[in-house]
Amino acid sequence: MSLYAIGDLHLHFQSQLKAPGQLKERVWRNHEERFRKNCAAVVHENDTLVLVGDHSWGRTLAECEKDLQYIMDLPGTKVLLRGNHDMFWDAKKTAALNHQFGSRLFFLQNNYFPYRDYALVGTKGYTFEGPFYLNRRGQITGWDEKEAAHADKLIERELERLRASFEAAKHDGYTRFIMFLHYPPTNILQRRSGFTDMAEAYGAEQVIYAHCHGQARFHDSIKGRFHGIEYRLVSGDYLVWNPSRVL
Ligand SMILES: [Fe+2]
Ligand SMILES: [Fe+2]
C-alpha cells in the first residue's frame with residue numbers, strides 16, 4: 001500500500017483548446033500513453049494516486065468526460081486537487097462532484113482524504129507570478145503592485161480553504177498530515193509564505209506541489225527539506241510522467 005503523486009496531466013482527449021507553447025516540448029509527446037504505462041508498472045490497486053491539479057483542458061464537465069474516464073481507468077484510488085486550468089470544477093460544487101463520482105474519484109477541497117494514519121489535506125493555493133520588472137542584468141527591481149495586491153486576496157482565500165481542510169482532519173482526530181497544493185508554496189522572491197507557515201503550524205510532514213512547467217520553472221520554489229518539512233515538485237513534465245512515491 002503506497003501513496004503516489006503527480007500533477008499537470010493537462011489531458012485533452014475532447015477539448016480543442018490550444019496548449020501554450022511550453023506544452024509542445026518533446027516531453028509532452030504522447031504523454032498520456034507514457035504516463036498510463038508508467039502507472040501500470042508501479043501503482044497497484046490498493047495504492048493511492050494524488051493528481052495535483054490541471055487535469056484537463058476541458059472547460060465544462062461534459063468536455064472533460066474522456067479525460068476523467070482516463071483518470072478513472074488508472075490503477076489505485078484517485079484523489080484530485082484543483083488546478084488553475086480545471087474550469088470544470090467550481091470550488092463551491094466539490095460536494096456535488098464527490099457525490100457524482102462516488103468511490104471512483106475523490107475531489108479534495110475543504111475536506112481531507114484518509115490514508116493509513118495520515119490525512120491528505122490541500123487546496124489549489126496561489127502565488128504571485130508577476131509581472132516582475134528586470135534591469136539590464138536580468139535582476140528583479142520591482143513588480144506590478146496592483147497584480148500583487150490582487151494575488152494577496154487570492155492567497156488569503158486559499159489559506160482559508162487550506163485551514164478548513166486541516167481543521168476537518170484535526171476534528172476527526174488526525175495528527176499526521178501530507179499537504180498538497182497545485183501552485184508552488186512560495187513565489188520566486190520568497191523564502192517562506194502563508195502556506196509554508198501553515199504547513200509548519202499544523203506539523204505537515206510533506207508539502208507536495210506542481211504547476212511549474214519547463215526547465216526554467218522547476219526551481220521557482222522550495223524543493224527538499226525546509227524547517228523539518230519535505231517539499232516536492234511533482235509536475236508531470238518534471239517527473240517525466242513517473243508518479244512520485246510520497247509514502
Ligand atoms: Fe499546469
Ligand atoms: Fe497550473
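Visitor: Of the 247 residues of the protein chain, what percentage count as buried?
Guide: This is a predicted model, and the value is computed from its atoms. A residue counts as buried if 20 or more other C-beta atoms lie within 10 Å of its own. Among the 247 residues of the protein chain, the share that counts as buried is 39%.

Visitor: Why does the radius of gyration of the protein chain agree with that of a compact globule?
Guide: The C-alpha atoms of the protein chain fill a box of roughly 50 × 45 × 30 Å along the principal axes. A compact globule with 247 residues would have a radius of gyration near 18 Å, and the chain agrees with this because its own value is 17 Å.

Visitor: Among contacts between residues at least 6 apart in sequence, what percentage join residues at least 24 apart?
Guide: The protein chain is built from five helices and 13 strands. When contacts between residues at least 6 apart in sequence are considered, the share that joins residues at least 24 apart is 79%.

Visitor: Which strand gives the largest share of the largest nonpolar core?
Guide: In soluble globular proteins, nonpolar side chains tend to be buried together. Here the largest nonpolar core has 57 residues, of which Val 52, Leu 120, Phe 177 and Phe 180 touch the most other members. The largest share of this core is five residues, and they come from strand E9 (residues 176-181).

Visitor: Which residues does Phe 177 touch, not counting residues up to four places away in sequence?
Guide: Phe 177 is one of the core residues that touch the most other members. With residues up to four places away in sequence left out, its contacts are Tyr 118, Ala 119, Val 121, Phe 166, Ala 169, Tyr 202, Gly 203, Ala 204 and Glu 205.

Visitor: Are the residues on the two faces of strand E1 buried or exposed?
Guide: Strand E1 (residues 3-6) has Leu 3 and Ala 5 on one side and Tyr 4 and Ile 6 on the other. E1 pairs in the parallel sense with strand E2 (residues 48-51) over four bridges, with Ala 5 opposite Val 50. E1 also pairs in the antiparallel sense with strand E13 (residues 244-245) over two bridges, where Tyr 4 stands opposite Arg 245. Both faces of E1 are covered, and the four residues named on them are all buried.

Visitor: Which are the edge strands of the five-strand open sheet?
Guide: The five strands follow the order E4-E3-E2-E1-E13, with mixed pairing. Within this sheet, E2 and strand E3 (residues 77-81) pair in the parallel sense over four bridges, and Val 50 has Val 79 as its bridge partner in E3. Helix H2 (residues 65-72) packs on the sheet and touches E2, E3 and E4, its direction making about 110 degrees with that of E4. The strands that pair on one side only, and so form the edges by that description, are E4 (105-108) and E13.Visitor: What is the average twist from one strand to the next in the open sheet of six strands?
Guide: This sheet has mixed pairing and the order E5-E6-E9-E10-E12-E11. Its edge strands are E5 (113-115) and E11 (224-226), each of which pairs on one side only. From one strand to the next, the twist averages 25 degrees.

Visitor: What is the bridge partner of Pro 114 in E6?
Guide: E5 and strand E6 (residues 118-123) pair in the antiparallel sense over three bridges. Helix H4 (residues 145-171) lies across E6 and E9, running at about 165 degrees to E6. The bridge partner of Pro 114 in E6 is Ala 119.

Methods
Residues are numbered from 1 along each chain as its sequence is written. Chains are lettered from A and ligands numbered from 1 in the order in which they are written. This is a predicted model: local features need pLDDT of at least 70, side-chain atom pairs count only at pLDDT 80 or more; totals for chains, interfaces and linings use all residues. A nonpolar core is a set of buried Ala, Val, Leu, Ile, Met, Phe, Trp, Tyr and Cys residues joined through C-beta atoms within 7 Å. A residue is buried if 20 or more other C-beta atoms lie within 10 Å of its own, exposed if 12 or fewer, and partly exposed in between; C-beta atoms are placed from the backbone. Two residues are in contact if their C-beta atoms, placed from the backbone, lie within 7 Å. The radius of gyration is taken over C-alpha atoms; the globule rule is 2.2 Å times the number of residues to the power 0.38. Two strands pair if DSSP finds at least two bridges between them. Axes are lines fitted to C-alpha atoms, for helices over the stretch in contact, and angles run from 0 to 180 degrees between N-to-C directions.
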